[in-house]
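Q: Could you take a close look at the cysteines and the nonpolar cores here? I'd like to know how many disulfides a search of the whole structure finds, and which residues have the most contacts inside the largest nonpolar core.

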Amino acid sequence: MSISERFDCNYCKDALLGKKYIMKEDKQYCPKCYENLFANNCEGCSLAIGCDCKDLSHKDRHWHEECFKCAKCSRSLVEKAFAAKDDLLLCTECHAHDYSSKCTTCKKTVMPGSRKIEYKGNSWHETCFLCHRCQQPIGTKSFIPKDTGYFCVPCFEKQFAYQCCICKKAITTGGVTYQDKPWHRECFLCISCRKQLSGQRFTSKENYPYCLECFSNLYAKKCVGCTKPITSLAGAKYISFEERQWHSECFTCIQCSVSLVGRGFLTERDNILCTDCGREK
């Protein structure tokens, strides 16, 4: 056999004709050289994973088939679902038991993939999250926390909520108190124009609430000068004389229009004049 026809190990040069060999990158190696050069060490037993063994890998780590097992219960993980935690491989049961959340009610593990409720760092099985009053599962329905319990909306309204004095329905969020009575914000309206008064300045007459505009139009005195309402609720200053009223800015001489606030004035029938214009008459 010529040299060109030789079939040797690429590393040790031992003849491989008629012997077992392994190819890597188009080059042949005897099993011993291949294992010394390329075999991965097992994470479980630290020994090389030989040519005759299966090499199971996960994230650049390698195991013999018989070493690929749960770090806690030692059950084989071959062809089974598993989870990694802090470089340890765990079967799904051990991982769930050690690291999955526990139900606040029954204290048992909430298994991954199962239906659960989470609220403020706590977890429940869906069937364990019960209304404190009726003891029925709340599930994915709305609920209201109260003290250390959780209530479905109907039970909370029956046990705790105020009832609006207008619509008689429960007030579950917000609300307004007026004359010691509870109101929904949307029910607390001006008795005249029906505009919402929550967050707005308002006044009352005969125990009925009014917005400032309606109260002024209905009940405030009218300025003799401009005929518009005068109301101190809006911060307006006014002058009163002989049962007639003026806005401060409207209390002027009928002839020369000078302001008469803080000054002497004369009257001519229903008109008011400054002293200079009055003398000219």
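A: Here's a walk through the cysteines, then the cores. This is a predicted model, where local features need pLDDT of at least 70, side-chain atom pairs count only at pLDDT 80 or more, and totals for chains, interfaces and linings use all residues. Residues are numbered from 1 along each chain as its sequence is written, and side-chain values use heavy atoms, leaving out hydrogens and water.

Searching the whole structure turns up 0 disulfides, a disulfide being a pair of cysteine sulfur atoms within 2.5 Å. Take C53: its closest cysteine sulfur, in C51, is 8.8 Å away, so that's too far for a bond. C155 isn't in a disulfide either, with the nearest cysteine sulfur, that of C152, 3.5 Å away. C53 is partly exposed at 36% relative accessibility, while C155 is buried at 5% relative accessible area (buried is under 20%, exposed over 50%, partly exposed in between, using a 1.4 Å probe and protein chains only).

Now the cores, meaning sets of buried Ala, Val, Leu, Ile, Met, Phe, Trp, Tyr and Cys residues joined through side-chain atoms within 4.5 Å. The largest has 16 residues, and C103, W124, F129, C131, I138, Y150 and F156 have the most contacts inside it. β10 (149-152) and α3 (153-159) each supply at least two of its residues, with β10 giving the most, 3 residues; helices (H or I, at least four residues) and strands (E, at least two) are DSSP runs numbered from the N terminus. Beyond its neighbours within four places in sequence, I138 is in contact (heavy atoms within 4.5 Å) with F129, L130, C131, F143, Y150, F151 and C152. A second, separate core has 12 residues, including C42, I49, L56 and C91.
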